Amino acid sequence: MKKLHLILLLSLLSLSAISAQNIQLHYFPNHSINSRMYDKNFVMVTFDMFKADKWGSFYTFIDFEFTGEKGKIGTTYWEISRNQNIGDLPVKLHLEYDGGVTKGGSIPGSYFVGANYPLTIRKFNLGANLSYKIHAFNHISHDAQLTLTWSGDILKNKLTLCGFIDMWTQNKNTETKSNEGKKFVVLFGPQGWYNINEKLAFGTKINISYNMLDKNKVFFFPSIAAKWNF
């Protein structure tokens with residue numbers, strides 16, 4: 001399992017050498033907020049990268065959650081996506097893979113194919129992805145996902161507001177076939193950063209989920225964070 005964490009880290013660092021964007025350090029007081037779900041507070045490190053080219057754009061991030069014993073990495077989660085131009089059409093082809101590993105094993109991967117629509121309103125870059133999604137559970141779950149993203153600077157570029165909202169379906173029971181029906185899940189991740197200068201920023205990321213960790217329940221987990229832009 002340690003080798004899988006290392007492979008994911010080296011893969012991202014090799015890409016970052018081409019076009020690194022930022023590294024983030026988050027402290028999540030999850031145990032203090034909800035001790036039933038988490039046995040302790042933890043630190044998470046995120047590498048985040050975006051690169052545009054003449055054919056479209058590429059985005060990836062990787063999270064390392066230090067939730068293991070003696071401060072070891074307990075969970076590594078990775079997303080990588082590509083928005084590919086389709087001639088002069090306003091929409092792009094969207095391809096994506098999500099997955100990772102935990103101290104208990106691997107996180108079932110998800111595969112996406114769909115359409116992306118980018119939009120710029122004043123200083124904000126917006127995006128919408130509508131995708132066919134395959135969850136690689138023990139029994140494959142065929143689903144749909146809508147993702148909305150935003151990023152922009154205000155107050156003379158001193159404050160950066162960004163984030164996403166994911167809405168998707170999946171099998172209610174991930175261990176059996178889909179005859180038990182589907183459930184609807186929402187994950188909302190707004191971020192706010194105060195930019196000390198072009199390199200250093202302090203802020204927060206808030207993870208808000210519905211029907212993800214527990215049936216029909218909302219969970220709210222904010223972080224205290226710092227970011228360094230390359």
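**Exercise 1. Work out whether His94 is buried or exposed in this predicted model, and what surrounds it.**

Solution. Start with the accessible area: His94 has a relative value of 1%. The cut-off for buried is under 20%, so His94 counts as buried. Next, find its place in the fold: His94 sits in strand S5, which covers residues 92–102. Now look for a polar partner. The His94 side chain makes a polar contact of 2.8 Å with the side chain of Glu96. Finally, list the neighbours, skipping residues up to four places away in sequence: His94 touches Ser81, Arg82, Asn83, Phe112, Val113, Gly114, Ala115, Asn116, Asn129 and Ser131. Keep Arg82 and Val113 in mind, as they come back below.

**Exercise 2. Decide how Asp53 and Arg82 are linked, and which parts of the chain the pair ties together.**

Solution. Check the closest N and O atoms first: they are 2.9 Å apart. A salt bridge needs a distance within 4 Å, so Asp53 and Arg82 form one. Then place the two ends. Asp53 belongs to strand S2 (residues 42–53) and Arg82 to strand S4 (residues 75–85), so the bridge ties together parts that are 29 residues apart in sequence. Last, look at the cover: Asp53 is partly exposed, at 29% relative accessibility. Arg82, remember, is also one of the residues that His94 touches.

**Exercise 3. Say how many salt bridges the model has, and describe the ones at Lys182 and Lys217.**

Solution. The count comes to 3 salt bridges. Take Lys182 first: its side chain meets that of Asp143 at 2.8 Å, N to O. Lys182 is in strand S10 (residues 182–188) and Asp143 in strand S8 (residues 141–154), so this pair ties together parts that are 39 residues apart in sequence. The two ends have their own accessibility classes: Lys182 is partly exposed at 36%, whereas Asp143 is buried at 5%. Now go to Lys217, whose side chain bridges to Asp214 at 3.7 Å, N to O. Here Lys217 is partly exposed, with a relative accessible area of 40%, and Asp214 is partly exposed too, at 24%.

**Exercise 4. Find which residues form the nonpolar patch on the surface, and which elements they come from.**

Solution. First name the members: Ile86, Leu89, Val91, Leu93, Leu95, Val113, Tyr117, Leu119, Ile121 and Tyr132, with about 800 Å² of accessible area together. Then sort them by element. S5 and strand S6 (105–121) each give two or more residues, and the largest share, 4 residues, comes from S6. Val113, one of the patch members, is also touched by His94. Then check Tyr132: this residue is in strand S7 (residues 124–135) and is partly exposed at 38% relative accessibility.

**Exercise 5. Work out whether Lys205 is buried or exposed, and what it touches.**

Solution. With a relative accessible area of 11%, Lys205 is buried. Its home is strand S12, residues 200–210. Next, compare sequence with space: Lys205 and Gln191 are 14 residues apart in sequence, yet 4.4 Å apart C-alpha to C-alpha. Among the other residues that Lys205 touches are His26, Phe28, Met44, Asp63, Pro190 and Phe221.

**Exercise 6. Find which elements have the lowest and the highest mean pLDDT.**

Solution. Begin with the whole protein: the average pLDDT is 88, and 88% of the residues score at least 70. Then go element by element. Helix H1 (residues 2–19) has the lowest mean, 50, and strand S11 (residues 191–195) the highest, 98.

Terms used. Residues are numbered from 1 along each chain as its sequence is written. This is a predicted model: local features need pLDDT of at least 70, side-chain atom pairs count only at pLDDT 80 or more; totals for chains, interfaces and linings use all residues. Side-chain values use heavy atoms; hydrogens and water are left out. Buried means under 20% relative accessible area, exposed over 50%, partly exposed in between (1.4 Å probe, protein chains only). A polar contact is a pair of N or O atoms within 3.5 Å; within protein, one must be able to donate a hydrogen and the other to accept it, and residues adjacent in sequence count only if both atoms are side-chain atoms. Contact means heavy atoms within 4.5 Å. pLDDT is the predictor's confidence in each residue, from 0 to 100. Patches are made of residues with over 30% relative accessible area and no salt bridge: like charges are joined within 9 Å, nonpolar side chains (Val, Leu, Ile, Met, Phe, Trp, Tyr) within 5 Å. Accessible areas come from the Shrake-Rupley method with a 1.4 Å probe; for residues, only the protein chains shown count as cover.
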